[in-house]
Amino acid sequence: MTGLAEETRWMDATDQAALVATGEVTPSELLEAAIERIEESDPVLNAVVIEWFDHARTVAADPGLPDGPFRGVPFLLKDLYTSFAGQTLSNGNVALKNAGKIDAADTTLVSRFKAAGLVIAGRTNSPEMGSLPTTQPLAWGPTRNPWALDRTPGGSSGGAAAAVAAGMVPVANASDGGGSIRIPASCCGLVGLKPSQGRITVGPLRAEVGLGVELCVSRTVRDTASLLDAVRGPGVGDTVIAPTPQRPYLEEVGAEPGRLRIGLLDVHPRGGFLHEDCVAAVRSAASMLESLGHSVEPAWPTCLADTTLQQKFMALWATQMAMAARGFSQTLGRQVTADDIEPVNWALIERAQDLSAVDYAAAENAVYAFRRALQQWWADGWDLLLSPTVAEPPLPLSEFENNPEHPTAPMRRGGEFAAFTPPFNMSGQPAISLPLHRNAEGLPIGVQLAAAYGREEVLIRVAAQLESAHPWSSYRPAMQ
């Protein structure tokens, strides 16, 4: 590996942008270093499934590259609903991959990534439709966790997380409809912030009232904060708009958070399995927070114990899968069938067909009631909720393989694994996974902090405080 590729491998995006700003390196040189790392590591990891290297070279060499905060920093888009003008998008689906349809326009967020000066070099792997907390679509094959090649990197932003964890790029696009930023951040030892609903537009084709939000996975809190500053805000016609922050989020990095009242959730609220490694991770984090002067006590919203929670979530999730399939049909110019969709997702699509409009409205109303009940806990005087991000350490990839005889088995396994993240998609609240723990095998295990709606600044202050007191930047996967 050449000197620059090695020298910049573990630099965060902020430092890489500084090299460009001072003239020490050019955007083209940074890009070539990233391409070298991708070509070295990706044959093993399978994180980057669509490459735009030649296009990226043209962008990097253009004197008109936008002078944003990340000018010249190499970047990767997730292969899920992020249309990029002139390029393909498969959403992890075999039929769309084979069709190779070229998108005519950028999503609003992609245009903001470009305006920030990021040089987009390709797409990262995602499960079909983003439906599972693992990344092993039939279209592209499994992405492997850099920390243990037989383990999942999480999902649905598993390709993004593997790429950043392996040092291919310093930051990558990720999205979260049920934990898909936070779960892979936990599995791969990264920072993963799920913003508040309506903090970042998902326009022009999607609506902010849905479960999904977008941002990134990164290695440092400051990169996440700075990118959030660069892309936050509503788009034309947005239906949910989060409160405007009082100052840039980057200014919250290093800001004193004060003494916070933090509830500790170190049990499974619905009586399911919670691995002892995840319990150890969250209790260790509680001790860290106490040592920093915060008040931490066992307490959590009782509505999290609702055993019908998954059923409420899945009614919306199944309908979302059915809508995605309808979009695939429009793209392909024909009706998709069971032959076009993976069994786990086709089972959900069929389930959605059995839901009436009244059933869907009832599920929505149940979610609205849950949203109010969950947010009330913060209104009652709590600042943060500390919990595990996932219920188990990174699972073997074999745990999620499609089984035509039991098509919903991967989804059921995913529900057990991702027990702590979906509530905050339903409530719209911001939540962050931080890489504060590793188990005896050396596998990363994240912890989750959730704040009141619209209060990303609280999460960023505390995350930066923990990063400073208990640095994680020196922990890197052996797969290099």
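**Exercise 1. Is Arg-9 buried, partly exposed or exposed?**

Solution. This is a predicted model, in which local features need pLDDT of at least 70, side-chain atom pairs count only at pLDDT 80 or more, and totals for chains, interfaces and linings use all residues. Residues are numbered from 1 along each chain as its sequence is written, and side-chain values use heavy atoms, with hydrogens and water left out.

Step 1. Take the cut-offs: buried means under 20% relative accessible area, exposed means over 50%, and partly exposed lies in between (1.4 Å probe, protein chains only).

Step 2. Arg-9 has a relative accessible area of 1%, so Arg-9 is buried.

**Exercise 2. Find the residue with which Arg-9 forms a salt bridge, and place both residues in the chain.**

Solution. Step 1. A salt bridge is a side-chain nitrogen of Lys or Arg within 4 Å of a carboxyl oxygen of Asp or Glu. Arg-9 forms one with Glu-40, and their closest N and O atoms are 3.1 Å apart.

Step 2. Arg-9 sits in the loop between helix H1 (3-7) and helix H2 (13-21), while Glu-40 belongs to helix H3; the pair, 31 residues apart, links distant parts of the chain. Helices (H or I, at least four residues) and strands (E, at least two) are DSSP runs, numbered from the N terminus.

Step 3. Glu-40, at a relative accessible area of 37%, is partly exposed.

**Exercise 3. Describe the salt bridges of Glu-214 and Arg-455.**

Solution. Step 1. The partner of Glu-214 is Arg-206, with the closest N and O atoms 3.0 Å apart. Glu-214 is buried at 6% relative accessibility, whereas Arg-206 is partly exposed at 32%.

Step 2. Arg-455 pairs with Glu-457, and here the closest N and O atoms are 2.3 Å apart. Arg-455 is partly exposed at 36%; Glu-457 is buried at 13%.

Step 3. The structure holds 19 salt bridges. A network of them links Glu-392, Glu-399, Arg-413 and Glu-416.

**Exercise 4. In what order do the three strands of the open sheet lie, and which stand at the edges?**

Solution. Step 1. The order is S1-S3-S2, with mixed pairing. Two strands pair if DSSP finds at least two bridges between them.

Step 2. Strands S1 (48-51) and S2 (74-78) each have a single partner strand, so they stand at the edges, with one side of each left without a neighbour in the sheet.

Step 3. S1 pairs with S3 (residues 119-124) in the antiparallel sense over three bridges. Ile-50 stands opposite Arg-123 in S3.
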